[in-house]
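This report goes through the ligand site, one residue of interest and the chain as a whole.

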Amino acid sequence: MTKPWDAIIIGGGAAGLFCAGVAGQLGKKVLVLDHADILGEKIRISGGGRCNFTNLHSGAANFLSLNPHFVKSALARYPAKEFISLVQSYRIAYHEKHQGQLFCDDSAKEIIDMLFSECAKGNVQIKNPVVVQSIVQDAGSWLVRTNGGIEISTSLVMATGGLPVPAIGATGYSLDIAKQFGLNIIDPRPGLVPLSFTSEEFDNLSELAGLSLPICISAGSKGHRYGACQFNEDLLLTHKGLSGPAVLQASSYWTEGQAIHINWLGIAEAYGELNIEDLLNNDENRLKLTETILASVMPQRLAKTFAKQKNLLGRKWAEVSKKDQQALKDLITNWSVKPAGTLGWKKAEVMLGGVDTKEMDSQTMMSRKHHGLYFIGECVDVTGHLGGHNFQWAWSSGFACAQAI
Ligand SMILES: Cc1cc2nc3c(=O)[nH]c(=O)nc-3n(C[C@H](O)[C@H](O)[C@H](O)COP(=O)(O)OP(=O)(O)OC[C@H]3O[C@@H](n4cnc5c(N)ncnc54)[C@H](O)[C@@H]3O)c2cc1C
């Protein structure tokens, strides 16, 4: 009989391939099994095809998890600067786009090729497409039955990612295996996802589809699963609702029935650099039309829509009652609205929830209940903010695991 593998990794995406390369180069005999015809598809489509592969500022505060401390050890042992050094060693050109977000200059394919090269250096064997039919633990070994036969290993690493974008082969298989072995799962939900609205809530904003502007958004609350958040980023109005970085970020903190709050004047008003009271009470503006005053601090189309919404279109500010003035101020600086839902797994970038971190050792990613069973990447209840943090978690958790197997 052939010598069993040191590790079988199920899922050859970001976390699985990275972990395989590191473990292989540490001298481990590693097999990667994946059901897809082509590996690394999520990397390929990430960052608009340019892969936002990490973030210069990636730290515990950028992650949502029921245990916010869980990520600390793995991030400290494999921080963003380590992955950047690896990228540099492959001479992959990259640039910083916004708030520490690093993107490839050319193509996400360069990151995929790099991961394959790292695997090749570690003599990692990759089999795909393979259907994993069952996994059992027997006398300290892991037996993986596939449509190509049985594979045996000392360690089993689950790295099948999360549920977003089922069209490219996303499954919840790691969660199924966690459940099979009695581990708790934190209810999975779509994260970094556009929000949808009923036509009543959305009024005539859908007419502005395509408009993008910087805003300040808050969502969640102290008692909420992941607490409260506030982001100063761009919002994009679409036919279906709200999207853009600000809304994607807030969506991870939002739950059904809750309101989100938007200050349409963005960071300038939220931080007191622009005062809506001063603007509206300025004597020079008294004889101006409401929409003209608003258009001095926001896109004209939006200014008109807001004035129309409050029946103030074409009205001089001096003629507007105190009550209507207040209603307009509230609409602009604290638009409180309840989204109807999200656009779901098809449009989500990440999965919130996953294998409960209480079940795992934060140093190694190993299950506390089952020796040799590991979970890495998106299948764990660790979800990053938008901006390269999710890949950083894939690299950091994969690295921690590779040291332990
Ligand atoms: C459109 C989009 C854009 C994104 N852009 C970014 C970005 O720019 N920056 C960023 O940080 N994050 C981004 N993300 C998130 C990022 O892609 C994921 O967080 C990351 O890929 C997770 O890595 P992973 O290895 O856990 O899972 P994945 O990379 O998804 O890999 C999982 C692997 O498991 C395989 N698999 C699944 N089920 C099975 C099964 N039953 N049997 C065998 N194999 C299986 C899959 O085929 C896949 O190869 C984006 C996500 C999406 C959807």
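## Polar contacts of the ligand

In this predicted model, a backbone N or O atom of His-35 is placed 3.3 Å from a nitrogen atom of the ligand. Oxygen atoms of the ligand also meet the backbone: one is 2.9 Å from a polar backbone atom of Glu-378, and a backbone N or O atom of Gly-388 lies 3.5 Å from an oxygen atom of the ligand.

On its own the ligand has 1,000 Å² of accessible area, and the protein covers 91% of this.

## The shell around the ligand

Two or more residues of the shell come from each of helix H1 (14-25), helix H2 (41-45) and helix H15 (389-404). H15 gives the most, with three residues. The ligand has 29 residues around it, and those that come nearest are Ala-15, Asp-34, Thr-171, Glu-378 and Phe-391.

## Gln-325

Gln-325 sits in helix H13, which spans residues 322-333. With a relative accessible area of 7%, Gln-325 is under the 20% cut-off and therefore counts as buried. Apart from neighbours within four places in sequence, Gln-325 is in contact with Trp-317 and Val-320.

## The whole chain

The protein chain has 405 residues, 54% of which count as buried. Its secondary structure consists of 15 helices and 21 strands. Along the principal axes, the C-alpha atoms fill a box of roughly 90 × 45 × 35 Å. Among contacts with a separation of 6 or more, 73% join residues 24 or more positions apart.

The accessible surface of the protein chain is about 17,400 Å², with 50% belonging to carbon and sulfur atoms. There are 37 positive and 38 negative side chains, and the centres of the two sets are 2 Å apart.

Methods
Residues are numbered from 1 along each chain as its sequence is written. This is a predicted model: local features need pLDDT of at least 70, side-chain atom pairs count only at pLDDT 80 or more; totals for chains, interfaces and linings use all residues. Side-chain values use heavy atoms; hydrogens and water are left out. Helices (H or I, at least four residues) and strands (E, at least two) are DSSP runs, numbered from the N terminus. Buried means under 20% relative accessible area, exposed over 50%, partly exposed in between (1.4 Å probe, protein chains only). Contact means heavy atoms within 4.5 Å. Accessible areas come from the Shrake-Rupley method with a 1.4 Å probe; for residues, only the protein chains shown count as cover. Lys and Arg count as positive and Asp and Glu as negative; His and the chain ends are not counted. The place of a charge is taken as NZ of Lys, CZ of Arg, CG of Asp or CD of Glu. A residue is near a molecule or strand if one of its heavy atoms lies within 4 Å of it. A polar contact is a pair of N or O atoms within 3.5 Å; within protein, one must be able to donate a hydrogen and the other to accept it, and residues adjacent in sequence count only if both atoms are side-chain atoms.
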